[in-house]
Amino acid sequence: MSQRPNILLITADQWRGDCLGIAGHPQVQTPNTDALAREGTYFSRHYAATAPCSPARASLYTGLYQMNHRVLANGSPLDDRFDNVARAARRAGYLPTLFGYTDTSADPRCHDPQDPVLTSYEGILPGFIAGQLLLEDDKTWLAWLKERGYTSEQLARIHHVEQQGEERISLAPTLYGADETPTAFLTGAFLSWRDQQSADQPWFAHVSYLRPHPPICVPEPFNRMYEPDASADFAGAPTPDQEAEIHPLLAALQTSQKLSHHIPGADGPVRDLTRKDLARIRALYYGMISEVDHQLGRLLEGLKAAGDYDNTLIILTSDHAEMMGDHWLLGKAGFHEQSYHVPLVIKAPGESGGHVVDAFTSAVDVFPTLLDVLGIRPGHQPDGCSLLPFTGGETPEDWRDAILWEYSYRQLTVEGTQMNAPGKSLISLRAEAWQYVHCPELPDLFLAGLPGAPLEPVPLDMVPAARRIECMERLLAARMTLQDETLCHAMVWSFHADR
């Protein structure tokens, strides 16, 4: 790159990696994302490092696995000593500007106990300035809708939709239209900001869309874009009870999941939904993805009209994925890859485009990639590696042959025991045809299958001892390799100003 590029980091919250046209999904239509992927590099096996939102974003922004950044849940503070994408961009001369949210809980040691920043987990990642905030309370978007004529009564139930007969899950559209969604609101805010930028000063923006995160509802025409198919394949056991018998963590997740967390005004547990109910939710979720893709097209066209598209590094990804009825679960949790497989598209200025990467890549690779583009050193040693070589059609030597993710279950009650104690985090290693999951104080799991096929649990007593030992050795080696190495390979005099 002969000149510094603009940088645009786009995240869409809770977007499954298989829900893309370019991924071969038989239903989901994402023409704008697919076009971006064809002009850039599409990473087909990209994974979040953990879940839910705050932990996943901590990994995305710092390049660290959860074992190192220690953000275990929404509300866990991110240690202020860590470098991140925004701080690095400032060192490179950019003013990083946020549109949306980062779900970053502030380090309380850096704030007075009376500081309101300590009242919410939806803080702003240090280094960013706010171009347009949009938190999960929707307040800024609701104020925008009020200016467009919506009444207080309408705004109080803005995500509620009309009931459809006896259906538990309504496919009715939202009151707001396709040009009034939270995604449309943020897209407009970004494009207005872009128009104010100096032509000779490269910019750095993070557009953080909330959708397709719940509430699960969507306006016309996206609410009827996909026909529910109750006969569609859902991963997992035939019934919730049979699924819960596979592992106590699955039983605990079933107990904890409430439908109201996903559908406004609904009640009851998720595990009581029928396949027909789940198929209707899935159709709405697909519509939400297409709505995001529609606004993404508007954003990209705006960049092209402004003459910025060719000189902008664009990274499009998600923080984590979505179970969407698989294994009788909604949301993101546990050890199944449906919670962790997410999209990743990178379009770098000057690249030929059209690359498809089938290697395992991780959210912890995004920060090192940005460092590579910016040409600066990190403030700490990231756990991931730069993906920039892939955008040039090269595969780095000794690239990983398995992918790792973690999940803290200390907030759950498992078999009558509250797991709120140190060490209650699983670590999963997913290779080509198997997955091993280590769960402290709970049974480990081994899943296996043919390459490219869904993995199925294998009883531990049926797993050869040598294979289990190999898996545990690899997990132990990963823990040792991923220890913080920020200073351990340096000598103190290498930092002296005279050298």
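User: In this predicted model, what is the strand order of the open sheet of eight strands?

Analyst: Let's walk across the sheet from one side to the other. Its edge strands, which each pair on one side only, are E5 (129-133) and E10 (355-357). The pairing in between is mixed, and the twist averages 15° from one strand to the next. Read from E5, the order is E5-E4-E6-E1-E7-E9-E2-E10.

User: Which residue in E9 is the bridge partner of Leu-316?

Analyst: Start with the two strands. E7 covers residues 312-317 and E9 covers residues 344-347. They run antiparallel, joined by four bridges. Inside E9, the partner of Leu-316 is Val-345.

User: What angle does helix H11 make with E7?

Analyst: Two helices are handy to look at here. H1 (residues 31-39) lies across E2 (41-43), E7 and E9, running at about 50° to E9. H11 (residues 366-374) packs on the sheet too, touching E1 (6-12), E7 and E9. Its direction compared with that of E7 gives about 180°.

User: Which element gives the largest share of the largest nonpolar core?

Analyst: That core has 62 residues, and Leu-8, Ile-10, Phe-190, Ile-281, Leu-299 and Leu-303 have the most contacts inside it. Elements giving two or more residues to the core include E1, H7 (182-195), E6 (204-209) and H10 (275-305). The biggest contribution is 13 residues, and the element behind it is H10.

User: How many residues are in the other core, the one that includes Ala-86 and Leu-374?

Analyst: Nonpolar side chains in soluble globular proteins tend to be buried together. Here, a second core lies apart from the largest one, with Ala-92 and Ile-315 also among its members. Its residue count is 36.

User: Which element gives the most residues to the lining of the largest pocket?

Analyst: The pocket holds about 1200 Å³ of space. It's lined by 47 residues, and the closest to its centre are Arg-16, Asp-18, Asp-326, Gln-338 and Pro-454. Elements giving two or more residues to the lining are H10, E17 (445-448) and E18 (456-458). With four residues, the top contributor is H10.

User: Is strand E15 largely enclosed or largely open?

Analyst: Check the burial of its residues, 425-430. Ser-425, Ile-427 and Leu-429 point one way, while Leu-426, Ser-428 and Arg-430 point the other way, and all are buried. That makes six of six residues buried, so E15 is largely enclosed by the rest of the structure.

User: Which residue in E16 is the bridge partner of Arg-430?

Analyst: E15 has two antiparallel neighbours to sort out. Six bridges pair it with E12 (residues 403-408), where Ile-403 stands opposite Arg-430. Four bridges join E15 to E16 (residues 434-438), and a hairpin of three residues connects those two strands. So on the E16 side, the partner of Arg-430 is Gln-435.

User: Which residue with a positive phi follows helix H2?

Analyst: H2 spans residues 53-62, and ten of its ten residues are buried, so the helix is largely enclosed by the rest of the structure. Those buried residues pack against E1, H3 (66-69), H4 (85-91), E6, E7 and H11. Just after the helix, phi is near 75° at the residue you want, Gly-63.

Note on methods. Residues are numbered from 1 along each chain as its sequence is written. This is a predicted model: local features need pLDDT of at least 70, side-chain atom pairs count only at pLDDT 80 or more; totals for chains, interfaces and linings use all residues. Side-chain values use heavy atoms; hydrogens and water are left out. Two strands pair if DSSP finds at least two bridges between them. Axes are lines fitted to C-alpha atoms, for helices over the stretch in contact, and angles run from 0 to 180 degrees between N-to-C directions. Contact means heavy atoms within 4.5 Å. A nonpolar core is a set of buried Ala, Val, Leu, Ile, Met, Phe, Trp, Tyr and Cys residues joined through side-chain atoms within 4.5 Å. Buried means under 20% relative accessible area, exposed over 50%, partly exposed in between (1.4 Å probe, protein chains only). On a 1 Å grid over the protein atoms alone, a cavity is a set of points where a 1.4 Å probe fits but cannot get out, and a pocket is an open set with protein on both sides within 12 Å along at least five of seven lines; lining residues have an atom within 4 Å of a point. Grid points are joined across faces, edges and corners, and a volume is the space filled by probe spheres set on the points.
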